[in-house]
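Welcome! Here is a short guided look at a protein model, written for someone meeting it here. Please keep the structure open beside the text as you read.

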Amino acid sequence: MGTDEKHLDAGAVRQALTRRLIGDRPGAEVTPPIRLTGGASQQMWSFDVIEGARVEPLILRLAGPWNQADSDTVGLANEARLLAVVAGHDVPVPRVRARLSPEDGLGEGYVMQRLEGETLPQRLLRDDAYAGARDVLARQCGRVIAGVHQVPTGEVPFLRRLDTAEAVESLYREYRGYGEPRPVFELAFRWLREHLPAREPEPALVHGDFRNGNLIINRHGLRALLDWELAYVGDPMADLGWLCVNAWRFGEIDLPVGGFGSREDLYAGYQEASGQAVATDRVAFWERFGTLKWGVICQKMAAAFTDGHDRTVERGAIGRRASETELDLLRLLAPLDPI
């Protein structure tokens with residue numbers, strides 16, 4: 001747990017949720033909330049609202065210090081707004097049940113529907129129970145993310161707009177800020193600058209963290225898309241490139257789409273749902289960008305660990321993985337031919 005994270009006990013959380021969700025309604029109760037281990041940048045609590053024979057499974061999401069300090073995140077209040085918007089366009093997401101307010105005393109956050117399914121990549125990629133899901137998941141991901149990209153951007157005016165060159169330069173400034181020069185990273189930044197699109201593509205709603213680990217999967221495949229905190233308006237192909245980054249294959253490196261599928265199936269699903277062919281050159285650009293971005297994120301976590309801001313094992317372990325992204329980048333960038 002980070003040193004700046006607000007400490008909340010289950011009793012205080014339960015009292016606040018009872019006031020917010022039930023009030024004085026007789027015969028209803030909130031079960032004792034259980035702190036979940038998932039969620040690298042947020043607190044998450046699981047609980048039920050019980051009223052007679054009716055049981056409503058829910059999740060409380062609370063902002064942690066990593067959300068609050070990162071200007072790239074939309075904030076949980078806006079994330080709740082965004083979920084409501086995309087749900088209105090049939091994007092599979094958990095339903096938002098309530099948004100927190102200051103008087104709740106829990107900080108920024110919201111309550112959402114708790115869906116049955118698996119999110120842990122290692123189980124999804126290796127358990128026999130999900131073998132059937134793996135066969136269809138890449139194509140399903142293409143269809144779902146195409147639906148996200150068709151949400152009118154006018155309905156999400158609270159999201160930032162980010163063009164490709166700005167994304168590269170913003171990442172470069174962050175990288176330089178850690179004071180840890182890495183020649184392979186410098187090479188990757190040069191490649192990205194030399195391969196910027198001649199014309200900025202038509203902007204769309206971008207999920208921003210569309211990857212294995214942010215998907216709820218059951219035996220039949222994709223059930224819901226989670227974690228919209230990095231959403232923005234920009235090049236939609238960024239989502240497809242991020243999904244193909246090697247870090248999100250979790251060891252299944254020969255299956256480029258999340259460790260479970262092929263690019264061909266991903267692209268086919270996208271075209272089926274959108275009626276548009278995938279711009280494969282831009283996907284390749286964003287896969288390289290995403291690989292570099294993950295390397296910089298590893299630097300960020302290493303810095304948080306070494307400066308004492310967050311001494312959790314998770315931060316230290318991930319911080320050491322920046323060297324892995326250097327190997328991935330060398331594989332992607334050599335030879336330095338146009339994509």
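What follows covers some helix packing and then a handful of individual residues. Please keep in mind that this is a predicted model.

## Helix α7 and its partners

Let us begin with helix α7, which spans residues 183-194. The table lists three helices that pack with α7, together with the values for each pair.

| Pair | Partner residues | Axis separation | Crossing angle |
|---|---|---|---|
| α6 and α7 | 164-177 | within 11 Å | roughly 165° |
| α7 and α10 | 280-306 | within 10 Å | roughly 145° |
| α7 and α12 | 322-333 | 9 Å | about 45° |

Take α6 and α7, whose axes cross at roughly 165°. This angle makes α6 roughly antiparallel to α7, and their crossing is left-handed. On the α6 side, the contact uses Val168, Glu169, Leu171, Tyr172, Tyr175 and Arg176, while α7 offers Phe185, Glu186, Phe189, Leu192 and Arg193. Sorted by class, the residues of this contact are seven nonpolar and four charged, with no polar ones.

Now turn to α10, whose axis crosses that of α7 at roughly 145°. The crossing of α7 and α10 is left-handed. Here α7 contributes Phe185, Ala188, Phe189, Trp191 and Leu192, and they meet Phe285, Arg288, Phe289, Leu292, Gly295, Val296 and Gln299 of α10. In the contact of α7 with α10, nine residues are nonpolar, two are polar and one is charged.

With α12, the packing angle of α7 is about 45°, so α7 is oblique to α12. The crossing of α7 with α12 is left-handed. Val184, Phe185, Leu187, Ala188 and Trp191 of α7 come together with Ala322, Thr325, Glu326, Leu329, Leu330 and Leu333 of α12. By class, the contact of α7 with α12 holds nine nonpolar residues, one polar and one charged.

One residue to look for is Phe185: this α7 residue appears in the contact with α6, in the contact with α10 and in the contact with α12.

## Glu56 and its arginine partners

Next, find Glu56 in strand β4, which covers residues 54-63. Is Glu56 buried or exposed? Glu56 has a relative accessible area of 6%, so this residue is buried. Setting aside neighbours within four places in sequence, Glu56 is in contact with Phe47, Asp48, Val49, Arg95 and Arg97. Two of these contacts are worth a closer view. The side chain of Glu56 makes a polar contact of 3.3 Å with the side chain of Arg95, and another of 2.8 Å with the side chain of Arg97. For a sense of scale, the C-alpha atoms of Glu56 and Leu124 are 26 Å apart, with their positions 68 residues apart in sequence.

## Glu108 in a loop

Glu108 sits in the loop between β5 (96-99) and β6 (109-113). With a relative accessible area of 35%, Glu108 is partly exposed. Beyond residues up to four places away in sequence, Glu108 touches Arg61, Leu62, Ala63, Gly75, Leu76 and Ala77. Its side chain reaches the backbone nitrogen of Ala77 at 2.9 Å. The C-alpha atom of Glu108 is separated by 25 Å from that of Phe305, which is 197 residues away along the chain.

## Arg211, a buried loop residue

Arg211 belongs to the loop between β7 (204-206) and β8 (215-218). Its relative accessibility is 17%, and because buried means under 20%, Arg211 counts as buried. The side chains of Arg211 and Asp209 are joined by a polar contact of 2.9 Å. Not counting residues up to four places away in sequence, Arg211 touches Trp242, Leu243 and Trp248.

## Two aspartates with positive phi

Finally, a detail of the backbone. Most residues other than glycine have a negative phi. Which value of phi does Asp90 have? Asp90 has a positive phi of about 65° although it is not a glycine. This residue lies in the loop between α3 (76-87) and β5, and Asp90 is exposed, with 72% relative accessibility. Asp227 also has a positive phi, of about 55°. You will find Asp227 in the loop between β9 (221-225) and β10 (232-234).

Technical notes
Residues are numbered from 1 along each chain as its sequence is written. This is a predicted model: local features need pLDDT of at least 70, side-chain atom pairs count only at pLDDT 80 or more; totals for chains, interfaces and linings use all residues. Side-chain values use heavy atoms; hydrogens and water are left out. Axes are lines fitted to C-alpha atoms, for helices over the stretch in contact, and angles run from 0 to 180 degrees between N-to-C directions. Helices (H or I, at least four residues) and strands (E, at least two) are DSSP runs, numbered from the N terminus. Angles under 35 degrees count as roughly parallel, over 145 as roughly antiparallel, 65 to 115 as roughly perpendicular and the rest as oblique. A crossing is left-handed if the near helix is turned anticlockwise from the far one by less than a right angle, and right-handed if clockwise. Contact means heavy atoms within 4.5 Å. Ala, Val, Leu, Ile, Met, Phe, Trp, Tyr, Cys and Pro count as nonpolar, Asp, Glu, Lys and Arg as charged, and the others, Gly among them, as polar. Buried means under 20% relative accessible area, exposed over 50%, partly exposed in between (1.4 Å probe, protein chains only). A polar contact is a pair of N or O atoms within 3.5 Å; within protein, one must be able to donate a hydrogen and the other to accept it, and residues adjacent in sequence count only if both atoms are side-chain atoms.
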